[in-house]
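User: Please take a close look at one part of this model, the packing of its interior, and follow it residue by residue. I would like a connected account that also covers the surroundings and the confidence of the prediction.

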Amino acid sequence: MEAENHSSTAATAVEKPIMVLGIDESEHSYYALEWTLDHFFVPFPPNHNPFKLLILHSKPTAAFTAGLAGIGGVDILAHVEADLKKASARVAEKALEICGRKSVTDMDLQVVEGDPRNVLCEAVEKHHATMLVLGNHGHGAIKRAVLGSVSDYCAHHAHCSVLIVKRPKIKH
């Protein structure tokens, strides 16, 4: 597993509990990040937050993505890989921008290659996380059955508390 780290603070003397927040390109993920920052980080002075935040983006493998699309070949895989890296960079940039806007600096951001369900549960284990936070895409039962739900999987398999942040429904 390849991980890219974007650390914004030095190690502190007192170890804080770790909160892992899974993020992807969806507005639901960005909403979950903003909600989490507003409720767990922004009310506190810098470096007095109750958690050390690890924002984690799972980048799919090029072979898996190309396989889903029914395409193959070395040239195609190289293009898919380049697109996936660009998408991951956009996710990381947006997450760092949101944290910067909220003045949250006690965080790390990692991009790890693999299935998000496994990547998130492995990160919880590796970092001994106290909490895992995820956005909810709001897919219906059929889409959830076909695609699988990362939040459902993590709620059942992560060895920590799991918080699923849902966007409020817009009233018409």
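Analyst: Contact is taken here to mean heavy atoms within 4.5 Å of each other. With that cut-off, and leaving aside neighbours within four places in sequence, proline 50 is in contact with Lys16, Pro17, Phe40 and Phe44. Proline 50 lies in the loop between helix 1 and strand 3, and because its relative accessibility is 32%, it counts as partly exposed. Its C-alpha atom is 9.1 Å from that of isoleucine 18, although the two residues are 32 apart in sequence.

Before going further inward, the confidence of the model should be stated. This is a predicted model, in which the protein chain has a mean pLDDT of 82 and 76% of its residues reach 70 or more. The confidence varies by element: among the elements, strand 2 (residues 18-23) has the highest mean pLDDT, 97, whereas helix 5 (residues 141-147) has the lowest, 50.

The framework around the interior consists of 6 helices and 6 strands, which follow one another from the N terminus in the order β-β-α-β-α-α-β-α-β-α-α-β. Of the 172 residues in the protein chain, 37% count as buried. Among the contacts between residues at least 6 apart in sequence, 79% join residues at least 24 apart.

The largest nonpolar core has 24 residues, and the members that touch the most others are Met19, Ile23, Leu33, Leu37, Phe41, Leu53 and Ile55. At least two residues of this core come from each of strand 2, helix 1 (27-41), strand 3 (52-59), helix 3 (74-101), strand 4 (107-113) and strand 5 (131-135). Helix 1 contributes the most, giving 6 residues. As general background, nonpolar side chains in soluble globular proteins tend to be buried together.

Methionine 19, one of the members named above, shows how separate parts of the sequence are brought into contact. Setting aside residues up to four places away in sequence, methionine 19 touches Thr36, Phe40, Phe41, Phe51, Lys52, Leu53, Leu54, Met131 and Val133. A second core lies apart from the largest one and has 16 residues, including Ile18, Leu120, Ala123 and Cys160.

Threonine 36, one of the partners of methionine 19, is found in helix 1. Its relative accessibility is 0%, and therefore threonine 36 counts as buried. With the same sequence neighbours set aside, threonine 36 touches Met19, Leu21, Phe41, Val133 and Val165. Val133 thus appears among the contacts of threonine 36 and also among those of methionine 19.

Leucine 163 offers a view from another element, since its place is in strand 6 (residues 161-165). Beyond four places in sequence, leucine 163 touches Trp35, Phe40, Met131, Leu132, Val133 and Leu134. Leucine 163 and leucine 132 are 31 residues apart in sequence, yet their C-alpha atoms are 6.1 Å apart. Leucine 163 is nevertheless not buried: its relative accessibility is 24%, so it counts as partly exposed. Phe40 is a partner of leucine 163, of methionine 19 and of proline 50.

Leu120, one of the residues of the second core, also takes part in a contact between two helices. Pro116, Arg117, Asn118, Leu120 and Cys121 in helix 4 meet Val150, Tyr153, Cys154 and His157 in helix 6. The residues of this contact divide into 6 nonpolar, 2 polar and 1 charged. The axes of helix 4 (residues 116-127) and helix 6 (residues 150-157) come within 9 Å and cross at roughly 35°, and the crossing is right-handed.

Two loop residues provide a contrast with this interior. Histidine 128 is placed in the loop between helix 4 and strand 5, and its phi is positive, about 55°, although histidine 128 is not a glycine; its relative accessibility of 66% is why it counts as exposed. Serine 103, in the loop between helix 3 and strand 4, likewise is not a glycine but has a positive phi, about 60°, and serine 103 is exposed, with a relative accessible area of 58%.

Definitions and conventions:
Residues numbered from 1 in each chain as written. Predicted model: local features only at pLDDT ≥ 70, side-chain atom pairs only at ≥ 80, totals over all residues. Heavy atoms only, no water. pLDDT = per-residue confidence, 0-100. Helix = DSSP H or I, 4+ residues; strand = E, 2+ residues; numbered from the N terminus. Axes fitted to C-alpha atoms, helices over the stretch in contact; angles between N-to-C directions. Left-handed = near helix turned anticlockwise from the far one by under 90°. Nonpolar A, V, L, I, M, F, W, Y, C, P; charged D, E, K, R; others polar. Core = buried A, V, L, I, M, F, W, Y, C linked by side-chain atoms within 4.5 Å. Buried < 20%, exposed > 50% of the residue type's maximum accessible area, 1.4 Å probe, protein only.
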